[in-house]
Amino acid sequence: MAPRYYSISSSPLVNPTSLTVAFSVVDYLTPQQKRRIGGVATHWLESLSAPFLGGTNNTTTEFSKIQIFPKPSDSFHLPASHATPLIMIGPGTGIAPFMGFISHRIQQQQSNDDKMGKMHLYFGCRYLNHDWLYHDEMLDFQNELRANSLLDVHVTSSRDDPDKKQYVQDLMRQNAQELSDLVFRKNACVYVCGDGNHMGKDVQNTLVDLFEAHLQENDDDDDDYTGESKRNHRQEAKDYLAKLKQDGRFLMDIWSG
């Protein structure tokens with residue numbers, strides 16, 4: 001059986017001897033036979049976790065030991081500078097690594113004289129009342145960093161309003177000007193984690209749209225860029241996204257399933 005990979009959602013600066021992960025339990029009905037199918041790994045992990053869920057303080061159940069191994073990432077990690085702004089986009093369980101990122105930065109700030117860079121966190125789910133992962137932790141982070149406006153949390157749901165499905169890319173469009181300013185003028189790093197079938201592509205297309213609008217707005221309207229020789233802002237925006245990837249300022253951790 002192939003190994004399963006889960007993003008670490010904690011920081012070693014907070015607790016160097018333990019880590020946390022997030023996973024969605026795979027459970028669905030087949031379209032033809034209506035047979036229930038459960039994920040092998042996630043159902044097993046759910047069964048191990050069950051005694052500790054439900055808000056009860058269970059002190060009698062023994063912890064199970066499972067074998068794990070680290071899979072270090074060469075690129076999907078915090079930038080070297082504590083002052084670099086971050087744009088983190090992680091719907092669903094894609095939010096996991098960013099909870100670790102924020103926790104890590106808060107700990108770094110306690111021993112770092114440089115001002116922490118501004119962070120934007122984008123999270124989306126189906127229903128806010130039972131799909132909002134890390135709800136309390138997210139709001140705690142925002143409250144802790146509110147005084148210096150260091151963290152903006154943007155949250156949406158796609159099923160609460162049947163007449164208005166909204167996704168993380170819609171939230172990004174609502175905040176287009178500040179996001180573009182962070183990327184173009186303040187060298188922000190952009191991180192995307194989660195579904196690679198649709199979300200990853202949609203987020204990249206949205207960024208190209210935002211970059212194109214930014215380039216058009218800041219065009220000097222020079223005579224050299226009028227008529228047939230007018231700048232192709234769309235292509236420039238695509239090229240700029242490609243350069244961000246090349247420079248390690250646009251990073252993705254996505255999966256298909």
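Start by selecting Arg173 and Asp209: their side chains meet in a salt bridge, with N and O 2.9 Å apart. Arg173 belongs to helix H5 (residues 168-174) and Asp209 to helix H7 (residues 199-217), so this pair ties together parts that are 36 residues apart in sequence. Keep in mind as you click around that this is a predicted model.

How buried or exposed are the two partners? Arg173 is partly exposed, with a relative accessible area of 39%. Asp209 counts as partly exposed too, at 24%.

Now add Glu212 and Arg234 to your selection. Together with Arg173 and Asp209, they are linked in a network of salt bridges. If you want to go hunting for others, the whole structure has 9 salt bridges. As background, side chains of opposite charge can pair when their charged atoms come close.

**Next stop: helix H6**

Select residues 176-186, which make up helix H6, and pick out Asp181 and Arg185. These two form a salt bridge, their closest N and O atoms being 3.1 Å apart. They sit 4 residues apart, about one turn of the helix. That spacing fits a general rule: an α-helix has 3.6 residues a turn, so residues three or four places apart point the same way.

Leave Asp181 selected and add Lys186. Here is another salt bridge, with 3.9 Å between the closest N and O atoms. So what does the surface look like around this trio? Asp181 is partly exposed at 21% relative accessible area, and Lys186 is partly exposed at 47%. Arg185 is exposed, at 51%.

**Into the interior: helix H2**

Select residues 96-109. This is helix H2, 14 residues that reach 21 Å from the first C-alpha to the last, close to the 20 Å expected. Why call H2 largely enclosed? Because 11 of its 14 residues are buried. Among them are Phe98, Met99, Phe101, Ile102 and Ile106, and you'll also find His104 and Arg105 on the buried list.

To see what does the covering, show strand S3 (86-89), strand S4 (119-125), helix H4 (135-145), strand S5 (151-157) and strand S6 (189-195); the cover over the buried residues of H2 includes these elements.

**Back out to the surface**

Switch on a surface view and colour Ile8, Leu19, Val21, Trp44, Ile66 and Ile68. They form a nonpolar patch on the surface, with about 560 Å² of accessible area together. Zoom in on Leu19, which is found in the segment before strand S1 (27-29). Leu19 is partly exposed, at 45% relative accessible area.

**Two backbone oddities**

Most residues other than glycine have a negative phi. With that in mind, go to Tyr134, in the loop between helix H3 (128-131) and H4. Its phi is near 55°, a positive value in a residue other than glycine.

Then follow H4 to the loop that leads to S5, where Ser149 lies. Ser149 also has a positive phi, near 50°, and this residue counts as partly exposed at 45% relative accessibility.

**Last stop: colour by confidence**

Finish by colouring the chain by pLDDT. The average is 90, and 92% of the residues score at least 70. Which elements have the lowest and highest mean pLDDT? S1 has the lowest, at 82, and S3 the highest, at 98. Now select residues 225-229, where the pLDDT is below 50; beyond near neighbours in sequence, this stretch has 4 contacts in the model. Where pLDDT is low, the predicted coordinates should not be read in detail.

How values were computed
Residues are numbered from 1 along each chain as its sequence is written. This is a predicted model: local features need pLDDT of at least 70, side-chain atom pairs count only at pLDDT 80 or more; totals for chains, interfaces and linings use all residues. Side-chain values use heavy atoms; hydrogens and water are left out. Helices (H or I, at least four residues) and strands (E, at least two) are DSSP runs, numbered from the N terminus. The expected span of a helix is 1.5 Å times one less than its number of residues. Buried means under 20% relative accessible area, exposed over 50%, partly exposed in between (1.4 Å probe, protein chains only). Contact means heavy atoms within 4.5 Å. Patches are made of residues with over 30% relative accessible area and no salt bridge: like charges are joined within 9 Å, nonpolar side chains (Val, Leu, Ile, Met, Phe, Trp, Tyr) within 5 Å. Accessible areas come from the Shrake-Rupley method with a 1.4 Å probe; for residues, only the protein chains shown count as cover. A salt bridge is a side-chain nitrogen of Lys or Arg within 4 Å of a carboxyl oxygen of Asp or Glu. pLDDT is the predictor's confidence in each residue, from 0 to 100.
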